[in-house]
Amino acid sequence: MAVTAEQVLDALRVVNDPDLHRDIVALGFVQQLAIEGPRVKFDIVLTTPACPVKGELHDQARSAVLGIPGVEDVAINMTFNVASSRKPQTEKLIPQVRNVVAVASGKGGVGKSTVSTNLAVALAATGAKVGLFDADIYGPNIPLMMGVTDRPEMQGTEENKIVPIERFGIKLMSIGFFVGDDDNPVIWRGPMVHGAINQFLRDVEWGELDYLVVDLPPGTGDAPLSLSQLVPIAGVVIVTTPQDVALQDVVKGVAMFEKLDVPIVGVIENMSYFVCPQCGETTEIFGHGGGERISAKYDIPLLGRIPLDINIRLGGDEGNPIVRSAPDGALAKAFVVTAEQTAARISTLALQRDEEKRKDNAVPIQLFSKSPTKA
Ligand SMILES: Nc1ncnc2c1ncn2[C@@H]1O[C@H](COP(=O)(O)OP(=O)(O)OP(=O)(O)O)[C@@H](O)[C@H]1O
Ligand SMILES: [Mg+2]
């Protein structure tokens, strides 16, 4: 008996996406199904190339289809189409950017820029189109951390837009390219911050991007406010260190983004622990479980824990992020896992939003075919 498309789809309904809590057929991931005698071929179109369960989904789908009588061979092409946090063309500034991901912190120096660069590199390594916007008006150090000394071209496109610097496959733009040197700091007033961020979104040729990672200055100042007013943010990632003083500031950050109606992607606990290079012992220098406590108390996911390590710092200072310089090591792995959790959660948020919209637009159920008339 010939294998049918219904049989294949039915078999695939047992494969669930653990983040989206739905099977891959219902989610529309199964596409381009082709059956040639005993051979079955299809695509699994994920919502992010950084899907943490990509391998499992592939293997489960494969064995599910191989279980159909008559199937001898299964070829699955794992591909992706990044879910967008908004409908295309809904806003003018950066309509081709699918997801703006802000990286924020309550307190300074907790590792936002380190996380932003490594997150961007990890996402780009999966095949996603990634941009990195350094919006830290007070201390723009992304160019240094990405090893960029060139300045972007002021023109070159038809609309005279600024062409971002390409580095490690990432489109990079920094306020630091345009402000004066360190000896002569700019004094930023609210409207200037707003104007600068607006210009960096509008006048930069970002092109089509799956993720635009935005490194924000610390705290709850003008920059996060302006960013959220100017473009829809898919979500904000909050970076913290585990000690209580930093965690107090996380709470403020979370409260601010909730007020601004920006979804919280989750918390990243940086400088979580130190593994002694000599004896391998783990020490939690800044305390234990802070990220977990925040996560549980405020019901926000803990996206990852990054160790404190001299090579992470060196990667920043030398302009060669650890995810790139030592991609197979444990440090890179910590960032990669964190990036995958971040991407998965952004997909979930996009799906939830779509469903809410669908609910809002749904035609109310009509209980009566005619409105009851008075006697
Ligand atoms: N996990 C880590 N291990 C070792 N050093 C780290 C780690 N994370 C960050 N650092 C170092 O700590 C310093 C501060 O980090 P970073 O600049 O990323 O923080 P930030 O939150 O962006 O700071 P700011 O608030 O000033 O923008 C840098 O020198 C960086 O290299
Ligand atoms: Mg920084």
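## Salt bridges within helices

D249 is buried in this predicted model, its relative accessible area being 15%, and it forms a salt bridge with K252 in which the closest N and O atoms are 3.2 Å apart. Because its relative accessible area is 53%, K252 counts as exposed, so the bridge joins a buried residue to an exposed one. Both D249 and K252 belong to helix α7 (residues 244-259), where three residues, or about one turn of the helix, separate them.

A further bridge within a helix is formed by R313 and D317, with 2.6 Å between the closest N and O atoms; these two residues lie in helix α9, four residues apart, which is again about one turn of the helix. Here R313 counts as partly exposed at 45% relative accessibility, and D317 is likewise partly exposed at 45%. Salt bridges that share partners also join R98, K129, E208 and D210 into one network, and the count of salt bridges in the structure comes to nine.

## A salt bridge between strands

The side chains of R305 and E269 meet in a salt bridge with an N to O distance of 3.1 Å. This pair connects distant parts of the chain, since R305 sits in strand β15 (residues 302-305) and E269 in strand β12 (residues 264-269), 36 residues apart. E269 is counted as buried because its relative accessibility is 1%, whereas R305, with a relative accessible area of 26%, is partly exposed.

## Aromatic pairs and their cluster

Four aromatic pairs are present in the structure. One of them is formed by F133 and W206, whose rings lie 6.1 Å centre to centre with 55° between the planes, an arrangement classed as tilted. The two residues come from distant parts of the chain, 73 residues apart: F133 is in strand β7 (residues 130-134), while W206 is in the loop between α5 (190-202) and β10 (209-215). F133 is buried at 0% relative accessibility, and W206 is buried as well, with a relative accessible area of 2%.

Another pair, F177 with F178, is edge-to-face, with 6.4 Å from centre to centre and 90° between the planes. In this case F177 is buried, its relative accessible area being 4%, but F178 counts as partly exposed at 36% relative accessibility. The residues of both pairs, together with F200, form one aromatic cluster: F133, F177, F178, F200 and W206.

## The surroundings of ligand 1

The shell around ligand 1 holds 17 residues, of which G109, K112, S113, T114 and P307 come nearest. By residue class, this shell divides into seven nonpolar, six polar and four charged residues.

Among the polar contacts, a polar side-chain atom of K112 lies 2.8 Å from an oxygen atom of ligand 1, and a polar side-chain atom of S113 is likewise 2.8 Å from an oxygen atom of the ligand. The backbone also takes part, as a polar backbone atom of G111 is placed 2.9 Å from an oxygen atom of ligand 1. Taken alone, ligand 1 exposes 620 Å², and the protein buries 81% of that area. Two elements, α3 (112-125) and α9 (310-317), give two or more residues each to the shell, and α3 gives the most, with three residues. Helix α9 is also the helix that holds the salt-bridge partners R313 and D317.

Conventions: Residues are numbered from 1 along each chain as its sequence is written. Chains are lettered from A and ligands numbered from 1 in the order in which they are written. This is a predicted model: local features need pLDDT of at least 70, side-chain atom pairs count only at pLDDT 80 or more; totals for chains, interfaces and linings use all residues. Side-chain values use heavy atoms; hydrogens and water are left out. A residue is near a molecule or strand if one of its heavy atoms lies within 4 Å of it. A polar contact is a pair of N or O atoms within 3.5 Å; within protein, one must be able to donate a hydrogen and the other to accept it, and residues adjacent in sequence count only if both atoms are side-chain atoms. Accessible areas come from the Shrake-Rupley method with a 1.4 Å probe; for residues, only the protein chains shown count as cover. Ala, Val, Leu, Ile, Met, Phe, Trp, Tyr, Cys and Pro count as nonpolar, Asp, Glu, Lys and Arg as charged, and the others, Gly among them, as polar. Rings of Phe, Tyr and Trp (its six-membered ring) pair if their centres lie within 6.5 Å; planes under 30 degrees apart count as stacked, over 60 as edge-to-face and the rest as tilted. Buried means under 20% relative accessible area, exposed over 50%, partly exposed in between (1.4 Å probe, protein chains only). A salt bridge is a side-chain nitrogen of Lys or Arg within 4 Å of a carboxyl oxygen of Asp or Glu.
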